[in-house]
Amino acid sequence: MKHWEHRARAREILSREVGYVQKPHGGRLRVALAFPNTYFVGMSSLGFQTVYRLFNDIEDVVCERVFLPPKQELRAQLASGAPLLTLESQTPVAGFDVLAFSVSFEWDYTNIVSMLRLAGLPPRAADRSPRHPLVVVGGAVTFVNPEPLAPFADVIAAGEGEVLIPDLMDALREGRERDGLLPRLAAKRGFYVPSLYSVHYEPDGRIAGFEPAAGSGAPPVVKKAAVKSAERLDPPATSIFTPDTEFGSRFLVEVVRGCANLCRFCWAGYNYLPVRAFPADRILELAAGARRHSSRAGLVSIALCDHPEIERLLKGLLEMGYSISPASLRLDDLTDPIVRLLRESGERSITIAPEAGSDRLRRVINKTVTDDEILRAAEVIFSNGIENLKLYYMIGLPTETEDDLTAIRDLTVQMREIMIRHARPRGHLGRIVGSVNPLIPKPGTAYQWLPMEDPAATERKARTLRRLLAGIDNVYFNIKSERHSYYQALLSLGDRRVADTIEAAERNGGQWRAAVAETGLDADFYIFRDRSADAVLPWDIIDGGMKASFFRSEFQKGLREEWTLPPKRQRENIRLMPVLD
Ligand code: SF4
């Protein structure tokens, strides 16, 4: 594709958008904001849209978006050397002051490398010079484990954009020379500058320690930056509407951040604390403003109903004529009024996550709901006219036995009976769709030291479950393959030595097995090794706010099948948190 064709394509995309920002570049700090996937995927990311707004809210900053070209064009563009252009002004990314990546998924790591190459930048920070844009990596993955991306980033922004973006811009205003800029950023909360640290290793490959460069001012551990209270913050919400994206012209809005349930496997639960509700009036005001562009509201929150005014919010959205899609609903939050309001708004399907089939195993993982409560929730769902139910389960959980797998079938069958009972008078039977994923032990959780389960054992369990669930009418299960999870675990649990493999996978079109072989990486070392004796974990360089001693005691409590606190006192769990200091 020729240069003028790229520009014409960008203008065509903009012509279908509402709400994008165009500012003159002169005298402003210029930020190219990259989503490491296509426009279609990226424009449905609320995090990406929010960061765009936060940058552009600053008077002397101009922020323009850039995306990965569609697959069929990517190779041709890499081969031709055509420069990567921003969408708004079709300017080459290489000319910006900052290239900021908003990264939500491990699978997009190879796309970061592709976008750096498309932009004409050396992928490795060590090979770049001050004439290149400052490459900043932020987004959800930086909460978990940014270390595999360390060699590609000049700076990793760990935490929430509301705090990090103003600080980043302040540091840039003071000067863009790397020698001064990088230590200045490293001294601020939430900014991790990988080049200022040496990593020392034990002879057996474990990390011995991170050592900040002498005199650099870089802290021994980088504290995550987070907003203390959401009361005065504008709720993250869709600001650019386009029909050309996954969720179409849906108005996405974050209602409440965080979840205090403390499920022991859940990185989002542990890492978005404390729980902070956005002001209801402002959410409704934004929704009213967006109504002429959208008729569907997507409520993005991991614990939606923790908002103290959730019913008022749902009613308000309904009165505006929105149909409402919640992300996933926490089981203990499913009350009659809430489900009724969702049904009235046109919702026909609800997603819940029992995670395990038995009460015993749910105690192990601190999922504080019982079978009885799940069945009551199913009653509430189907009696209010919701037709379909989506379920999330996991396998490979600590202490799991065959009985726990049978319990998944039994629980699902009981929910199906409730569905049939309520569907019969309507004469139309809905469906139950289950999704089963192997546990990937995540950094920043009570399971961060666990090895992933042996693939043969997981495969056996998957086969058992397929057999148990076969032939049940109107029940469909998708049981994920081990291989897919295996490489995701590598990216999730890896350290900066995995970067070579990411580059190799980028070159060979995402063939991870070949990339691992080519780079001689011992992937099993990261995925199937018990880390409980490791003094330092790759993600320890970021302090997410939780203490290792808390995670260790949580793990032990799990083995004893104990809740963190008794059920129905989850809200008090918040007191256990080392809340932001
Ligand atoms: S209920 Fe558990 S799994 Fe769901 S968001 Fe909260 S902590 Fe995570």
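In this predicted model, helix α18 (residues 499–507) and helix α19 (residues 512–519) have axes that come within 8 Å and cross at roughly 130 degrees. Angles over 145 degrees would count as roughly antiparallel, and 65 to 115 as roughly perpendicular; α18 and α19 are therefore oblique to each other. The crossing of α18 with α19 is right-handed. On the α18 side the contact is made by Asp500, Thr501, Ile502, Ala504, Ala505 and Arg507, which meet Trp512, Ala515, Val516, Glu518 and Thr519 of α19. By class, the residues of this contact of α18 with α19 comprise six nonpolar, two polar and three charged.

A second pair of helices is found earlier in the numbering, formed by α11 (residues 310–319) and α12 (residues 336–344). The axes of α11 and α12 come within 10 Å, and the crossing angle is roughly 15 degrees. Because angles under 35 degrees count as roughly parallel, α11 and α12 are described as roughly parallel to each other. Their crossing is left-handed. From α11, the residues Ile310, Glu311, Leu314, Lys315 and Leu318 meet Pro337, Ile338, Leu341, Leu342 and Glu344 from α12. The contact of α11 with α12 divides into seven nonpolar residues, no polar residues and three charged residues.

A third pair consists of helix α4 (residues 71–80) and helix α5 (residues 109–118), whose axes come within 10 Å and cross at roughly 40 degrees. Since an angle must be under 35 degrees to count as roughly parallel, α4 and α5 are classed as oblique to each other. The handedness of the α4 and α5 crossing is left-handed. In this contact, Leu74, Gln77 and Leu78 of α4 meet Ser114, Arg117 and Leu118 of α5. Three of the residues in the contact of α4 with α5 are nonpolar, two are polar and one is charged.

Aromatic side chains provide another kind of contact. The count of aromatic pairs comes to 15. One of them joins Phe35 and Phe48 in an edge-to-face arrangement, with 5.4 Å from centre to centre and 75 degrees between the planes. Phe35 belongs to strand β1 (residues 29–35), while Phe48 belongs to helix α3 (residues 46–56), so the pair ties together parts that are 13 residues apart in sequence.

The surroundings of the ligand may be considered next. The ligand is surrounded by Cys259, Asn261, Leu262, Cys263, Phe265, Cys266, Gly269, Ile302, Arg330 and Lys367. Six residues of this shell are nonpolar, two are polar and two are charged. Cys259, Cys263 and Cys266 are among the residues around the ligand, and each cysteine counts as nonpolar in this classification. The charged members of the shell are Arg330 and Lys367.

Two features of the backbone complete the account. The peptide bond that leads from Leu273 to Pro274 is cis, with omega near -5 degrees. Pro274 is located in the loop between α9 (267–271) and β12 (276–277). The other feature concerns Asn366, a residue other than glycine that nevertheless has a positive phi, near 60 degrees. Asn366 is part of the loop that runs between α13 (359–364) and α14 (371–383).

How values were computed. Residues numbered from 1 in each chain as written. Predicted model: local features only at pLDDT ≥ 70, side-chain atom pairs only at ≥ 80, totals over all residues. Heavy atoms only, no water. Near = heavy atom within 4 Å. Axes fitted to C-alpha atoms, helices over the stretch in contact; angles between N-to-C directions. Helix = DSSP H or I, 4+ residues; strand = E, 2+ residues; numbered from the N terminus. Left-handed = near helix turned anticlockwise from the far one by under 90°. Contact = heavy atoms within 4.5 Å. Phe/Tyr/Trp six-rings, centres within 6.5 Å; stacked < 30°, edge-to-face > 60°.
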